[in-house]
Amino acid sequence: MPLGTLERSAPPLFKQGPSALSRLAAFSALALFLMVADTRFQITGPVRQAIGTVLYPVQWLMLQPVEWSRHGSAYFQSLQSAQAAADAAAQKLVVVSQQAHQAEQLAQENIRLRKLLELRDRLNTPAQAAQVIYDTADAFTRRVVIDQGQVHGVEQGVPVMDEGGVLGQVTRVFPLVSEVTLLVDRDQAIPVLNLRTGARAVAYGDPTAEHGGGIELRFIQANADVREGDLLTTSGVDGVYPPGLPVARVTHVERRADSAFARIYCQPLAQVQGVRHVVV
């Protein structure tokens, strides 16, 4: 091809169009015109509404992860708050339960103390209140230790009662405490009187009886008039226990043809287990 026939202009593929400066000026003028027109005539309002309507599903879809994370964090925070509230409520319930139990226990103690005070007023002999400290460690005896001793005027051999009746007898005295042998101890005996018949007898301790111990009337004729439910009180013939103090109630009478004596089992009216306050 002859050299003179070559076209000196750029081929269409490499044509750049308007210059960058001219395009900047044109677009700036267009933007300025649109802003002025939109401010004066609100011509872009429908366009924005249409674009917003079209883009709303996309916006909603894009906001869902944010909402899920926000709801998830709120759920876990509310769950932690609920767990903390439940723990606080459980602790408060425990405290209230303990307080209710203590109030009930104090009410029971007040009832027992009032009965003891009434019993002390009825007694003709001098009496004083005491509290049981602990049970003795000897497994073969039934004894308790009270917080009154020689310095408080307690003497060996004096009877001890609770609100129900005769509990036992002081068998050992120390300066500050005393040891009380309960009626249910195997070595303890007390003269009693059957209020219904007026018959006198001697009751012996029976620690092997049901409910942790009882007493037994021994050497009673098989044909003696003794019934279940008879009330036994102190007879006063021994000079230790004042007469008329409640001791026990007959629970079972066993008569055998091969024995001349009946087996009579009684349940003490005093609280031989778990007693806390007594009168000496």
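In what order do the six strands close into a barrel? The order is E6-E7-E8-E11-E10-E9, with antiparallel pairing. From one strand to the next, the twist averages 40°. Keep in mind that this is a predicted model. Besides the barrel, there's a helix with a nonpolar patch to look at, plus a set of salt bridges.

**Around the barrel**

- Start with E6, which covers residues 189-194 and is joined to E7, residues 200-206, by five bridges. These two strands run antiparallel.
- For a handy landmark in that pairing, take Leu193: its bridge partner in E7 is Arg200.
- E6 also pairs with E9, residues 231-234, this time through three bridges, and the two run antiparallel. Here Val192 has Thr234 in E9 as its bridge partner.
- Carry on from E9 and you get to E10, residues 246-254, again antiparallel and joined by three bridges. Leu231 is the residue to find here, standing opposite Arg249 in E10.
- As a general reminder, strands of a sheet pair through backbone hydrogen bonds, in either a parallel or an antiparallel way.
- In a regular strand, side chains alternate between the two faces of the sheet.

**Helix H1 and the nonpolar patch**

- H1 takes in residues 20-41, so 22 residues in all, given that helices are taken as DSSP runs. From first C-alpha to last it reaches 31 Å, close to the 32 Å expected at 1.5 Å a residue.
- Right after H1 comes Gln42, with a positive phi of about 55°.
- Six residues make up a nonpolar surface patch of about 660 Å²: Phe27, Leu30, Phe33, Leu34, Phe41 and Ile43.
- Phe27 is a good one to click on: this patch member is found in helix H1. Its relative accessible area is 57%, and it counts as exposed because that is over 50%.

**Salt bridges**

- The structure holds eight salt bridges. In general, side chains of opposite charge can pair when their charged atoms come close.
- Which residue forms a salt bridge with Arg263? That's Glu216, and the closest N and O atoms are 2.6 Å apart. The pair links distant parts of the chain, with Arg263 in strand E11 (residues 261-268) and Glu216 in strand E8 (residues 214-221), 47 residues apart.
- Is Glu216 buried or exposed? Glu216 is buried, because its relative accessible area of 7% is under 20%. Arg263, at 33%, is partly exposed.
- Glu179 and Arg172 form another salt bridge, with 4.0 Å between the closest N and O atoms. Glu179 is buried at 10% relative accessible area, whereas Arg172 counts as partly exposed at 42%.
- Arg227 forms a salt bridge with Asp225, where the closest N and O atoms are 3.7 Å apart. Asp225 has a relative accessible area of 42%, which makes it partly exposed.
- That pair doesn't stand alone: Arg196, Asp225, Arg227 and Asp230 are linked in a network of salt bridges.

Technical notes. Residues are numbered from 1 along each chain as its sequence is written. This is a predicted model: local features need pLDDT of at least 70, side-chain atom pairs count only at pLDDT 80 or more; totals for chains, interfaces and linings use all residues. Side-chain values use heavy atoms; hydrogens and water are left out. Helices (H or I, at least four residues) and strands (E, at least two) are DSSP runs, numbered from the N terminus. The expected span of a helix is 1.5 Å times one less than its number of residues. Two strands pair if DSSP finds at least two bridges between them. Axes are lines fitted to C-alpha atoms, for helices over the stretch in contact, and angles run from 0 to 180 degrees between N-to-C directions. Patches are made of residues with over 30% relative accessible area and no salt bridge: like charges are joined within 9 Å, nonpolar side chains (Val, Leu, Ile, Met, Phe, Trp, Tyr) within 5 Å. Accessible areas come from the Shrake-Rupley method with a 1.4 Å probe; for residues, only the protein chains shown count as cover. A salt bridge is a side-chain nitrogen of Lys or Arg within 4 Å of a carboxyl oxygen of Asp or Glu. Buried means under 20% relative accessible area, exposed over 50%, partly exposed in between (1.4 Å probe, protein chains only).
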